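Welcome! Please take a look at the model below, and then we will walk through a few of its side chains together.

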Amino acid sequence: QVQLVESGGGLVQAGGSLRLSCEASGRIFSINTMGWYRQAPGKQREVVTTIDVGGRANVVDSVKGRFTISRDNAKNTVYLQMNSLKPEDTAVYYCNARVRTWTWGPEVDYWGQGTQVTVSS
């Protein structure tokens, strides 16, 4: 199977920065899109930013100019650099990877366990 392990969450003051990492491991033939989602208390999970295998990124407007996604395909790892953090960025952040586990297999979405990001005002 495939495991996604996240790291880098924590507590930071408004205006501060955090960097999240997520490494995929296990039975991986290829990884297509990777991304970061978040879920705040009482709200639905929402997409924050995604990046395809070629490095093309999509970013939600609310974090544009503050958050940057990147990936290292050799390490099956995706990163999220978060700058100028705001209290409304407080949420559990989940990484996602769309993985093919064998040559002709389907692409399946896998999720990390989530990491808490708390921004104090």
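Where is the place of R38? R38 belongs to strand β4, where strands are DSSP runs of E with at least two residues, numbered from the N terminus. This is a predicted model, in which local features need pLDDT of at least 70, side-chain atom pairs count only at pLDDT 80 or more, and totals for chains, interfaces and linings use all residues. Residues are numbered from 1 along each chain as its sequence is written, and side-chain values use heavy atoms, leaving out hydrogens and water.

R38 is buried, at 7% relative accessible area (buried is under 20%, exposed over 50%, partly exposed in between, with a 1.4 Å probe and protein chains only). Leaving aside neighbours within four places in sequence, the contacts of R38 include R45, F67 and Y93 (contact means heavy atoms within 4.5 Å).

Strand β4 (residues 30-39) also holds Y37. The structure has one aromatic pair: Y37 and W111 meet edge-to-face, 4.9 Å centre to centre with 70° between the planes. Ring centres within 6.5 Å make a pair, with planes under 30 degrees apart stacked, over 60 edge-to-face and the rest tilted; for Trp the six-membered ring is used. The two residues are 74 residues apart, with W111 in strand β10 (residues 107-111). W111 is partly exposed, at 36% relative accessible area.

Two arginines have their charged ends over rings, which requires CZ of Arg within 6 Å of the ring centre and within 35 degrees of the ring normal:

| Charged residue | Ring | Distance from ring centre |
|---|---|---|
| R19 | Y79 | 4.2 Å |
| R45 | Y94 | 3.7 Å |

Conventions. Helices (H or I, at least four residues) and strands (E, at least two) are DSSP runs, numbered from the N terminus.
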